[in-house]
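Read this report with the model open beside you. Each part takes up one region of the chain.

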Amino acid sequence: MTANEIRESFKSFFASKGHQIVPSAPMVIKDDPTLMFTNAGMNQFKDIILGNTVPQYRRVADSQKCLRASGKHNDLEEVGHDTYHHTMFEMLGNWSFGDYFKKEAIDWAWEYLVDVLHLNPADLYATVFEGSPSEGIERDNEAASFWERHLPKDHILNGNKHDNFWQMGDTGPCGPCSEIHMDSRSAAEKAAVSGASLVNKDHPQVIEIWNIVFMQYDRRADGTLAPLPAKVIDTGMGFERLVRTLQGKTSNYDTDVFQPLIHTIEQLSDMKYVPEDLEIPESQEKTNIAMRVVADHVRTIAFSVADGQLPGNAKAGYVIRRILRRAVRYGYTFLGQRQAFMYRLIPTLTGSMGDAYPELKAQQTLIERVIREEEEAFLRTLDTGIRLLDRIIADARQSGKTVVSGTEAFTLYDTYGFPLDLTELILRENGLTADIDEFNAEMKKQKERARNAAHSDLGDWVVLREGETRFVGYDTTEHDCHILRYRRVTQKNRSYWQIVLDVTPFYAESGGQVGDIGVLVCDDGNDHPVTINITDTKKENGLTVHITSDDLTTLPLDSDWMACVDTDKRAATAANHSCTHLLDEALRTVLGSHVEQRGSLVNAEGLRFDFSHFQKVTPEEIRQVEHLVNAKIRANVPLTDYRDLPIDQARELGAIALFGEKYGDKVRVVQFGSSVEFCGGTHVSATGQIGMMKILSESSVAAGVRRIEAVTGAKVEEVLDHFQDEIDSLRQLFTGAHDLHAAISKILDEHSALKRQIEEAQHERALALADELAKNANVTTSGVRIVTARLPLPADVVKDIVFRLRNQSPENTLVVVGSVFEGKPMLTVSASDDLVQKHGVHAGQLVREAAKLIQGGGGGQPHFATAGGKNPDALPVAIDKVVELAGV
């Protein structure tokens, strides 16, 4: 069976068992503050598992694209070095939400593996939770009894809490699990060593292929366990491992999931990949590792970009950039790739996975451009890092060291993105090593800083009422309500409270739109109003959470409340959000149908809109876009709001969907005339309420992605007022000139003419000064002419003087000039060629040492060098130091 056939067989099997087959959620998570990436199949069902949302289907199955490269589920450093870890992988899974439980989950897993896929039962092992006496949990005898119907008892193994008890986090749903392991060793190996002794021992051929989680507990903040009201089955099977098993391979990378990519890498690098079941020399193993790294990582990067996550310097973007750079570095070091090459793998990837995941085909051009630009940028970084490392090596040799500081290696890694193992490789080639303990200490400090910044303590929810939140914010900004639950959160030494209401007009941050702010108001029973200030509204695991810094401990929280949104900020935010829809349509009209939204931010202050386009938008195009948007605003086009619209009908309307967003069976569509988009945000009732739009800037965000920032309504008046004030201020400078452009042009022409005169005068002065200094040169006993001076001149003039002196006296001459211009001291040193060649004088080394006296640094070539500093008073001493060090 091919990989594609295996994926479809899993879906078909569970469809026959009454499961709804759902599409994969995006790999990049946008509305969950606790996760950056989907790292397990259950992520898209978190709100159901937590009991915050009623499931549409009780039985579900899918193939979910996942990424594990950060946080506690971090497989990054293993990827490539073994044959079964990956950053991006597919998870086949089936779920039951309060329907079937252990018996059916175990029976169907066995039926699929043995009866459908025909795996050898003798090669399968199952683990069950051994129990935890300290928590009062006995061995999972129930699961074991069901396994005994399929497996002999010596193939049913007890597992510890680490391997066989699953929990979502420090608190929340959890429970025991059963892992299914497959022994793929040869018959001789199985006869020599029992497979049972190798389960969960990191043996490359005895691996876990399926994990069945029985969620039956809820862990409280104090660590105690309570029964989960609705039990959940959550299973996950590693697709790549399953394919490897069925295709009879000893490595995931030898299957048709990865082989097309590896064949293309072989062609690009002119190197060969040798399968893992053959004897491999160490040099070949390095090539194999590099090819596995590249093949794995290019999938991760491509799917991330397709889901809307570009490489960047923070959060999810940083993780993707780090993965890409790891692949580039392996290609650079072990595959001889000095030019961008990974982007050339995308057609192969699209060919093998594009049918299962059509977003790859739709975004292929963008993916290629983003990867190519990132590759080229990092290759430049590698060149920079190598130059910096060359300087570190030179300094180490000069001081007689054989060990380079781990702090310096960490600075290369942390500041310049230069990998540690590449640093070690280059150091070894130069007979040096790095202090790894010191490097690890610096890395530990950084991780502790990041951990402390991200750590938060969540209190248990205090439940006042049962129920779910109903959102009414599309139709009103005020509504009576009750508090369902609340809890305290402590993060970064700051405490705040989260509140969940039964009815809310507050819009929770999502889809690029910020959350509403406002107040909750009630009567304390004595005709005194009580107010809770809501400073933000967010979504968390399907809950609309209202955030406040007010102390809730003494308030009558079970009272009748009125929820009131800040209407001024809501109106401004809605105007900006509606304007992004008009802007999107105008960009498509002016630039072409290839334009697609890649991200947005809308708040009360303005809007930011990222979109795919492969060149700078010209001023003329910007003006056309503004005119189109403002014409539609003036037309006062009414909003047509389709709610709970079946998704097929939405597509028939021509509604534009965003890549990287997951839509349900029913959606909301927002229409302003010919602008029709999927959208869950708040909007104006007619475009005239936007007032006007003005684009403030257009810039590049990443390869093939541009960004427009704009304002609307009253903010446009502020911008226009500022422009007018600037023009009036300039006109006053030119005594009320009517033609301001002509007046400024005249001044600039006069300025250029005067500048040329000054430069000519300075040049003549420099020549005269050089002649004067040459006459006053000191001649040492060895016949060397030494010219020293302190001058109040800019660096370019000093350079002219020094080179004139050097040309006047091309032999036996050392020139040392200390200059101060605009308060900044500088040393300039020149040595004649014979002093360099015969006496070993090196101007760069002289100036670097002397610059320490003026609290600065610098360097250069043997015959000419400069250095800047901070202390002009020390220039005389620094000049003398250069002469002393020269020793001529």
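Helices (H or I, at least four residues) and strands (E, at least two) are DSSP runs, numbered from the N terminus. Just after helix α8, Asp270 takes a positive phi of about 60 degrees. The model is a predicted one: local features need pLDDT of at least 70, side-chain atom pairs count only at pLDDT 80 or more, and totals for chains, interfaces and linings use all residues. Residues are numbered from 1 along each chain as its sequence is written, and side-chain values use heavy atoms, with hydrogens and water left out.

## The whole chain

The chain holds 25 helices and 38 strands. Its C-alpha atoms fill a box of roughly 105 × 80 × 55 Å along the principal axes. There are 888 residues, and 49% of them count as buried. Buried means under 20% relative accessible area, exposed means over 50%, and partly exposed lies in between (1.4 Å probe, protein chains only).

A contact means heavy atoms within 4.5 Å. Take the contacts with a separation of 6 or more: 67% of them come from residues 24 or more positions apart. The chain exposes about 41,500 Å², and carbon and sulfur atoms supply 48% of that area. Accessible areas come from the Shrake-Rupley method with a 1.4 Å probe; for residues, only the protein chains shown count as cover.

## Strand pairs

Strands of a sheet pair through backbone hydrogen bonds, either parallel or antiparallel. Here, two strands pair if DSSP finds at least two bridges between them. The table lists four antiparallel pairs.

| Strands | Bridges | One bridge pair |
|---|---|---|
| β5 (residues 88-97) and β11 (residues 225-238) | five bridges | Trp95 and Asp234 |
| β10 (residues 206-219) and β11 | nine bridges | Asp218 and Ala226 |
| β28 and β29 (residues 666-672) | five bridges | Thr640 and Gln671 |
| β36 (residues 824-831) and β38 (residues 864-868) | five bridges | Met826 and Gly868 |

Strands β10 and β11 form a hairpin with five residues between the strands. In this hairpin, Gly223 takes a positive phi near 95 degrees.

## Two open sheets

One open sheet has three strands in the order β28-β29-β30, with antiparallel pairing. Strands β28 (640-646) and β30 (675-678) stand at the edges; each has a single partner strand, so one side of each is left without a neighbour in the sheet. The twist averages 20 degrees from one strand to the next. Helix α17 (residues 567-591) lies across β29 and β30 and runs at about 115 degrees to β30. Axes are lines fitted to C-alpha atoms, for helices over the stretch in contact, and angles run from 0 to 180 degrees between N-to-C directions.

Another open sheet has six strands, in the order β33-β34-β35-β36-β38-β37, and its pairing is mixed. Its edge strands are β33 (778-779) and β37 (857-860), each pairing on one side only. Helix α22 (residues 795-808) lies across β34 (785-791), β35 (813-821), β36 and β38. Helix α22 runs at about 20 degrees to β36.

## Two helices and their buried residues

Which residues of helix α8 (residues 259-269) are buried? They are Gln259, Leu261, Ile262, Thr264, Ile265, Glu266 and Ser269. The buried residues of α8 pack against α9 (282-306) and α11 (346-353).

Now look at helix α14 (residues 406-416). Its buried residues are Gly406, Ala409, Phe410 and Leu412. They cover an arc of only 155 degrees around the axis, which puts them on the same side of α14. The arc is that of the directions from the helix axis to the C-beta atoms. An α-helix has 3.6 residues a turn, so residues three or four places apart point the same way.

At the start of α14, a side-chain oxygen of Ser405 reaches to within 3.0 Å of the backbone nitrogen of Thr407. Just after α14, Gly417 takes a positive phi of about 70 degrees.

## Positive phi outside glycine

Asp270 has its positive phi although it is not a glycine. This residue is found in the loop between α8 and α9. At 73% relative accessibility, Asp270 counts as exposed.

Asn200 also has a positive phi, near 60 degrees, in a residue other than glycine. Asn200 sits in the loop between α6 (187-192) and β10. Is Asn200 exposed or partly exposed? Asn200 is partly exposed, with a relative accessible area of 32%.

Note on methods:
A polar contact is a pair of N or O atoms within 3.5 Å; within protein, one must be able to donate a hydrogen and the other to accept it, and residues adjacent in sequence count only if both atoms are side-chain atoms.
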